[in-house]
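Subject: Structure handover

Hello,

Here is the structure for your work, with notes on what was found in it. Please read them alongside the coordinates.

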There are 2 protein chains.
Amino acid sequence: MSQPAAHSPGSSPAVDQGPRPSPAEEARTIVAGARMATLCTLTAGGDPWGSLVNLATTADGSPVLCVSRLAEHGRNLLADPRASLLVSVARRPEEDALAAGRVTLAGRMHRPAGEAAAAARVALLATHPGTARCLDWDDFVLWVMDVQRVRWVGGYAKMDTVSAEDYASAQPDPVAPQAAGAVRHLNEDHADALVQMVRALGGHPDAGAAVCTGADRYGIDLEVVTGHGPAEVRLTFTPAIDAPDGLRQATVQLTRRARALLGQA
Amino acid sequence: MSQPAAHSPGSSPAVDQGPRPSPAEEARTIVAGARMATLCTLTAGGDPWGSLVNLATTADGSPVLCVSRLAEHGRNLLADPRASLLVSVARRPEEDALAAGRVTLAGRMHRPAGEAAAAARVALLATHPGTARCLDWDDFVLWVMDVQRVRWVGGYAKMDTVSAEDYASAQPDPVAPQAAGAVRHLNEDHADALVQMVRALGGHPDAGAAVCTGADRYGIDLEVVTGHGPAEVRLTFTPAIDAPDGLRQATVQLTRRARALLGQA
């Protein structure tokens, strides 16, 4: 059903060939960080219908929605549980949306019962505290998606299909909420350290400037100016980060490794 | 099929009961200002499928898309032209998405020919100059939606259904692209004039402070502090603005009217 990846994340021209987030991890991270999604449902005539919804996710990445049974999408779901959710990385209006990450989830919505309902309510309230009142109204229905298909697009020519099993078992990147701020901090206050990292660890001893363009649990990406022109560099954290506050220590560690190597040179 | 408006824009508690944008105008304005949409298509099995697309619109508000026939949504459209587009007002990630405006359009996509194809290409290139190359590739298909259903949501409890005819004949608000900047300018540099307008023209001679919360071709909305508590005030431009650069002159006019009245008092 889904097209092959045009360009896998591992085929980047960056020198460091260490681990990158898998497509399943990319998808889980985007969904875990989202508060909103576009819900696609089916009308009584089987036509598609798009609407905006609050989104939360359970521990296995299953989307949780709270939808009025009076609204069109709510009536659609009660009549036919097939649904799709488009989840996009939050971005500023001036940014290129097609360059930003997004995930399509497709499957069937069900109304959870017992412990599953309790878990769905906890997930929803954690992301949307204001929905507490909705959950107590008869005209709102709590829905959880059984995810059957996952399609991740990371930007231009970065995309892949993810199995429902891989999606459910992948872990969202714990540092994703801090990544943009960390990247900004590295570029503003530690430009010298970035150049040292690239010279010592990134295979470009002649690097003249380096700008960090991304950070994840496994490493950082940089755009580098060298004597031979621009280059993309990937530097890997060893070990990978497993806690939300790990980016600082991991980048300090990279800096120390780089300076030790440069001191020996 | 669609639920009734829970709260029509005209029933605001604001004093000035002059004209406001109609739901059809609100919908046209949101769609005209959007560069992206979520496209909902149908898979071979009739399941809904959400994806992100570049959006443009023709002179009658018909959505124009350029979609790869190799991508899942492109294959879906070639097999079944039924589609829906969710179009949201661009907002910053920290803003409440459910408080922002959005429009659901639903209908059938067709591949335009002749003059209609030329017009669609012009519309697409005006909004997305980078798509020029796509239009010359065989694997990209130009699509135009025959809009059959329109649902506008202006935020919490502001929503209405719009007929396809009203949607097509409504004009997007010419001042929408400048409105946010104008509101900021009024609040930052002309807070005194806003209070004078509200005192003289808004029915609150005891207004102590006034903050402009929105501007459109027909007038401005304000939140006002009075001796009796907070109030919402609507002030109408006479005549309505019909050009993109008309906001400045219209607000100067309001200020002059207010000052003349206060001078007579």
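**Strand pairing in chain A**

Strand E5 (residues 82-88) of chain A runs antiparallel to strand E6 (residues 102-110) of chain A, and seven bridges join the two. Please bear in mind that this is a predicted model. Within this pairing, A:Ala83 has A:Gly107 in E6(A) as its bridge partner.

E5(A) is also joined to strand E1 (residues 36-42) of chain A, by three bridges and again in an antiparallel arrangement. Here A:Cys40 is paired with A:Ser84 of E5(A). Six of the seven residues of E5(A) are buried, so the strand is largely enclosed by the rest of the structure.

Further along the chain, strand E10 (residues 219-226) and strand E11 (residues 229-236) of chain A run antiparallel and are joined by eight bridges. E10(A) and E11(A) make a hairpin, with two residues between them. In this hairpin A:Val224 lies opposite A:Ala231 of E11(A).

**A buried helix in chain B**

Helix H1 (residues 23-33) of chain B has 11 residues, of which eight are buried, so H1(B) is largely enclosed by the rest of the structure. Among the buried residues are B:Glu25 and B:Arg28, along with B:Ala24, B:Ala27, B:Ile30 and B:Val31.

**How the chains are related and where they meet**

A turn of 180° with a shift of 0.0 Å along the axis lays chain B on chain A, with an RMSD of 0.0 Å. That is the relation of a two-fold axis. Of the interface residues of chain B, 100% are also interface residues in chain A, so the copies meet through the same surface.

The contact involves 39 residues of chain B and 40 residues of chain A. The size of an interface is often given as the accessible area lost when the parts come together. For chain B and chain A the buried area is about 3,300 Å², and carbon and sulfur atoms give 60% of it.

As for polar interactions, four salt bridges are found across the interface of chain B and chain A. One of the salt bridges pairs A:Arg149 with B:Glu72, with the closest N and O atoms 2.7 Å apart. Across the interface there are also 11 residue pairs in polar contact, both residues at pLDDT 80 or more. On the side of chain B that touches chain A, the elements giving two or more residues include strand E1 (36-42), helix H2 (72-79) and strand E7 (140-155) of chain B. The largest share of that side, six residues, comes from E2(B).

Regards

Technical notes. Residues are numbered from 1 along each chain as its sequence is written. Chains are lettered from A and ligands numbered from 1 in the order in which they are written. This is a predicted model: local features need pLDDT of at least 70, side-chain atom pairs count only at pLDDT 80 or more; totals for chains, interfaces and linings use all residues. Side-chain values use heavy atoms; hydrogens and water are left out. Two strands pair if DSSP finds at least two bridges between them. Helices (H or I, at least four residues) and strands (E, at least two) are DSSP runs, numbered from the N terminus. Copies are superposed by least squares on the C-alpha atoms of residues with pLDDT of at least 70 in both. Contact means heavy atoms within 4.5 Å. Buried means under 20% relative accessible area, exposed over 50%, partly exposed in between (1.4 Å probe, protein chains only). Buried area is the accessible area (1.4 Å probe) that two parts lose on being put together, summed over both. A salt bridge is a side-chain nitrogen of Lys or Arg within 4 Å of a carboxyl oxygen of Asp or Glu. A polar contact is a pair of N or O atoms within 3.5 Å; within protein, one must be able to donate a hydrogen and the other to accept it, and residues adjacent in sequence count only if both atoms are side-chain atoms.
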